Amino acid sequence: MADYVGALDQGTTSTRFMVFDHGGQVVSIDQKEHEQIFPRPGWVEHNANEIWQRSQEVIEGALSKARLSPSDLAAVGITNQRETTLVWDRSTGRPIANAVVWQDTRTDRICNDLTADGGQDRFRAATGLPIATYFSGPKIKWLLDNVEGARARAEGDELLFGNMDTWCIWNLTGGPDGGAHVTDVTNASRTMLMDLQTLQWDDGILSTLGIPRSMLPEIRPSSQVYGDATGVLAGISVAGDLGDQQAALFGQTCFSVGEAKNTYGTGNFLLLNTGTTPVASKSGLITGLGYKIGDQPAVYMLEGSIAITGALVQWLRDNLKMIGASSEVETLARTVEDNGGVYFVPAFSGLFAPYWRGDARGVIAGLTRFVNAGHIARATLEATAWQSKEVVDAMNADSGVELTSLKVDGGMVVNELLMQFQADILGVPVIRPTVAETTALGAAYAAGLAVGFWREVEDLRANWGMDKQWEPSMDPAKRDREYALWKKAVTRTFDWMQ
């Protein structure tokens with residue numbers, strides 16, 4: 001039997017392929033960035049053909065680095081940036097336009113029109129989601145309404161829709177020559193088009209948005225064989241599919257009710273396992289699918305989504321040129337003792353959980369002549385932690401269970417100043433696992449389970465190990481004072497856009 005499992009991790013800023021052994025340890029990795037396209041204010045696009053090219057390159061690169069051949073892999077899983085929306089020609093595989101990225105706000109008018117007739121929670125009972133520019137459904141409608149001839153071609157069964165998982169799986173398994181047009185329950189639950197109970201597309205919402213059902217992929221479990229790969233992975237089973245945040249939940253082995261993880265990436269995403277029954281949120285969180293293993297019951301989760309965290313560090317680097325590399329932000333932040341009274345609320349594309357304010361825009365509050373670059377850097381890191389605290393508070397209120405510790409993963413968890421501050425303001429330990437990039441690991445686990453490489457989830461739990469734990473040390477009174485100032489700064493972002 002093959003000794004390894006592969007995972008294609010198609011992210012917002014880069015694509016990578018990782019190879020894992022039976023112990024869940026990284027054997028090889030290759031990663032490449034792709035272009036971020038900003039045609040207009042609020043618009044964010046990706047070139048899907050570039051992403052597929054990068055995907056093939058990193059698969060070959062990771063295998064080459066470890067001197068492996070595809071036959072050394074038992075299976076391959078996919079994980080992906082969620083909500084990013086692509087429509088392409090069924091027969092040629094050509095996209096009709098660039099992919100519309102999850103951060104894109106061009107659908108604000110569509111969302112406002114939908115909200116005007118039934119409110120922001122119009123579809124929440126069925127989908128678990130508020131109406132927001134974040135989700136895929138309105139993006140599909142925008143493409144059909146604005147790309148010449150698209151609606152007629154869609155109604156003529158010529159076009160396919162998919163998020164990036166669907167695009168990658170379709171291409172991996174043959175593309176126009178019999179490629180599997182599938183998605184999993186986690187990605188489908190982020191479209192605003194899937195019924196949480198039936199795990200099927202909702203015909204009423206499709207009708208309201210004018211989206212032909214024939215465009216949509218088949219909804220499948222997160223761990224199941226979808227087909228065999230062609231091309232660079234010829235003959236290997238494509239057997240796992242999880243949206244990136246659910247993949248991290250899976251990779252962190254949060255298989256029990258009440259277990260939670262927070263991923264620190266381009267944005268931040270805090271997920272809580274709520275078991276086999278969906279829990280409706282009253283505090284601005286999202287109800288969705290955590291995962292579904294084969295024929296077993298689906299597992300649901302509550303999620304707090306934060307749009308801008310790691311992307312704020314990139315903004316300091318690329319737009320303000322305050323640092324030369326993202327890793328330098330911690331060094332700059334450590335040149336000062338505190339934030340100097342500065343609070344940075346990065347509502348660049350509105351605010352996600354728990355506010356869902358599309359009218360918000362970014363604010364730096366508390367500026368004085370005393371403030372320097374170190375204070376701005378520190379406020380940048382603290383913004384990530386404060387936003388996460390707001391989501392934790394909402395999650396505690398919805399679940400009725402107080403968080404006792406927080407498992408963390410993602411690129412920003414190497415930042416020890418941030419991790420300590422996060423523990424301080426949450427008042428609970430923050431725990432980093434030995435494999436911090438758990439997104440790809442979760443996709444590998446899902447694929448490996450589907451083909452028997454791992455027998456059950458308890459095998460995966462045995463692989464999890466702690467790398468470091470941060471204990472809270474901040475005086476609670478100080479924490480409360482600073483949190484009140486953060487909340488005050490957040491209110492300054494409201495009602496900026498009409």
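## Exercises on a predicted model

β5 and strand β12 (residues 237-243) pair in the parallel sense, over 5 bridges. The structure is a predicted model.

**Exercise 1.** Place strand β5 among its partners: which strands pair with β5, and in what sense?

*Solution.*
- Start with β12: the pairing with β5 is parallel, with 5 bridges. Asn80 stands opposite Gly243 of β12.
- Turn to strand β1 (residues 4-10): β1 also pairs with β5 in the parallel sense, over 6 bridges. Here Gly6 has Val76 of β5 as its bridge partner.
- Check burial: β5 spans residues 73-80, and 8 of its 8 residues are buried.

**Exercise 2.** Find out which side chains make polar contacts with the side chain of Glu303.

*Solution.*
- Locate the residue: Glu303 lies in strand β16 (residues 299-306).
- Classify it: Glu303 has 0% relative accessibility, so it counts as buried. The cut-off for buried is under 20%.
- Take the polar contacts: the Arg82 side chain lies at 2.6 Å, and that of Arg190 at 2.9 Å.
- Add other contacts: beyond four places in sequence, Glu303 touches residues including Tyr134, Gln245, Phe269 and Met395.

**Exercise 3.** Test the length of helix α16 (residues 476-491), then locate its buried residues.

*Solution.*
- Compute the span: at 1.5 Å a residue, the 16 residues of α16 should span 22 Å. The end C-alpha atoms are 23 Å apart, which agrees.
- List the buried residues: Arg479, Glu482, Tyr483, Trp486, Ala489 and Val490.
- Find their side: they cover an arc of only 115 degrees around the axis, so they lie on the same side of α16.
- Recall the geometry: an α-helix has 3.6 residues a turn, so residues three or four places apart point the same way.
- Identify the packing partners: the buried residues of α16 pack against β17 (343-345), β18 (363-365), α12 (373-399) and α13 (416-426).

Conventions:
Residues numbered from 1 in each chain as written. Predicted model: local features only at pLDDT ≥ 70, side-chain atom pairs only at ≥ 80, totals over all residues. Heavy atoms only, no water. Helix = DSSP H or I, 4+ residues; strand = E, 2+ residues; numbered from the N terminus. Expected span 1.5 Å × (residues − 1). Buried < 20%, exposed > 50% of the residue type's maximum accessible area, 1.4 Å probe, protein only. Arc of directions from axis to C-beta. Contact = heavy atoms within 4.5 Å. Pairing = 2+ DSSP bridges. Polar contact = N/O pair within 3.5 Å; in protein donor to acceptor, adjacent residues only side chain to side chain.
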